[in-house]
Amino acid sequence: MEEQQNLLFKILKDNQNTEFGKAHGFSEIRSIEDYQKKVPVAVYDDFAPYFERMMNGEKNILTSYRYDHFNETSGTIGVPKVVPLTDEQTKIFAKYNSALISGLLAEHDFR
């Protein structure tokens, strides 16, 4: 839990000056409860206008991290959707997925 909380606060700090971060008070978030109050639960359609602007080259909208790639989802629950992929996301996925897989393998004694 501590590791995940540290990651959340790093992401909030890194992105506090983005359009989305300013609109949701990232710089004022000091706890999980603050985050839950300031950042509403959202669905893809809530972010689609931001993604479109990002695909048109605008920066510092949702993220301050560098992105130059957009992933297309499989569309299993409808039309495929496009989401940006940042270098930071790639690093985070690699770090945490490796730990998750190692833990699962150890827990189930797969060989």
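**Figure 1. Thr18, a buried residue in a loop.** Thr18 is buried, with a relative accessible area of 0%. Welcome to this predicted model, which we enter at the loop between α1 (2-14) and α2, where Thr18 is found. Two backbone atoms meet the side chain of Thr18 here. The backbone oxygen of Asn15 lies 2.8 Å from one of its polar atoms, and the backbone nitrogen of Gly21 lies 2.9 Å from a polar atom of the Thr18 side chain. What does Thr18 touch, not counting residues up to four places away in sequence? The list is Asn60, Ile61, Leu62, Thr63 and Ser64.

**Figure 2. Asn60, a residue with a positive phi.** Asn60, one of the residues that Thr18 touches, is found in the loop between α4 and β1 (67-72). Its phi is positive, about 60°, although Asn60 is not a glycine. For background, most residues other than glycine have a negative phi. Is Asn60 buried, partly exposed or exposed? With a relative accessible area of 34%, Asn60 is partly exposed.

**Figure 3. The chain as a whole, for orientation.** Let us step back for a moment before the next close-ups. The chain comes to five helices and two strands, and from the N terminus on these elements run α-α-α-α-β-β-α. Along its principal axes, the C-alpha trace spans about 45 × 35 × 25 Å. Of the 111 residues in the chain, 23% are buried. Among contacts between residues at least 6 apart in sequence, 37% join residues at least 24 apart. How confident is the predictor? The average pLDDT of the chain is 87, and 95% of the residues score at least 70. Among the elements, helix α2 (residues 19-23) has the highest mean pLDDT, 98, while helix α5 (residues 87-108) has the lowest, 73.

**Figure 4. Aromatic pairs around Phe47.** The structure holds seven aromatic pairs. One of them joins Phe47 and Tyr50 in a tilted arrangement, with 6.5 Å centre to centre and 45° between the planes. Both residues lie in helix α4 (residues 44-55), three residues apart, which is about one turn of the helix. Phe47 counts as partly exposed at 22% relative accessibility, whereas Tyr50 counts as buried at 19%. These two values fall on either side of the 20% limit below which a residue is called buried. Why is the pair of Phe47 and Phe51 stacked? The ring centres are 6.2 Å apart and the planes stand at 25°, so Phe47 and Phe51 form a stacked pair. Phe47 and Phe51 are four residues apart in helix α4, again separated by about one helical turn. Phe51 is buried, with a relative accessible area of 10%.

**Figure 5. An aromatic cluster, and charges over rings.** Phe47, Tyr50 and Phe51 belong to one aromatic cluster together with Phe20, Phe26 and Tyr44. Tyr44 also has a charged neighbour: the charged end of Lys81 sits over the ring of Tyr44, 5.8 Å from its centre. A similar view can be had at Tyr67, where the charged end of Lys59 sits over the ring, 4.6 Å from its centre.

**Figure 6. The largest nonpolar core.** In soluble globular proteins, nonpolar side chains tend to be buried together. How many residues has the largest nonpolar core here? There are twelve: Leu8, Leu12, Phe20, Phe26, Ile29, Val39, Tyr50, Phe51, Met54, Ile61, Leu62 and Tyr67. Two elements, α1 and α4, give two or more residues to this core. Helix α4 gives the most, with three residues. Phe20 is a good place to look within this view. Not counting residues up to four places away in sequence, Phe20 touches Phe26, Val39, Phe47, Tyr50, Ile61 and Leu62.

**Figure 7. Thr86 in strand β2.** Our last stop is Thr86, which lies in strand β2 (residues 82-86). Thr86 counts as buried, at 5% relative accessibility. Which residues is Thr86 in contact with, leaving aside its neighbours within four places in sequence? They are Thr63, Tyr65, Arg66 and Tyr67. Two of these residues have appeared in earlier views: Thr63 is among the residues that Thr18 touches, and Tyr67 belongs to the largest nonpolar core.

Conventions: Residues are numbered from 1 along each chain as its sequence is written. This is a predicted model: local features need pLDDT of at least 70, side-chain atom pairs count only at pLDDT 80 or more; totals for chains, interfaces and linings use all residues. Side-chain values use heavy atoms; hydrogens and water are left out. pLDDT is the predictor's confidence in each residue, from 0 to 100. Rings of Phe, Tyr and Trp (its six-membered ring) pair if their centres lie within 6.5 Å; planes under 30 degrees apart count as stacked, over 60 as edge-to-face and the rest as tilted. Buried means under 20% relative accessible area, exposed over 50%, partly exposed in between (1.4 Å probe, protein chains only). A charge sits over a ring if NZ of Lys or CZ of Arg is within 6 Å of the ring centre and within 35 degrees of the ring normal. A polar contact is a pair of N or O atoms within 3.5 Å; within protein, one must be able to donate a hydrogen and the other to accept it, and residues adjacent in sequence count only if both atoms are side-chain atoms. Contact means heavy atoms within 4.5 Å. A nonpolar core is a set of buried Ala, Val, Leu, Ile, Met, Phe, Trp, Tyr and Cys residues joined through side-chain atoms within 4.5 Å.
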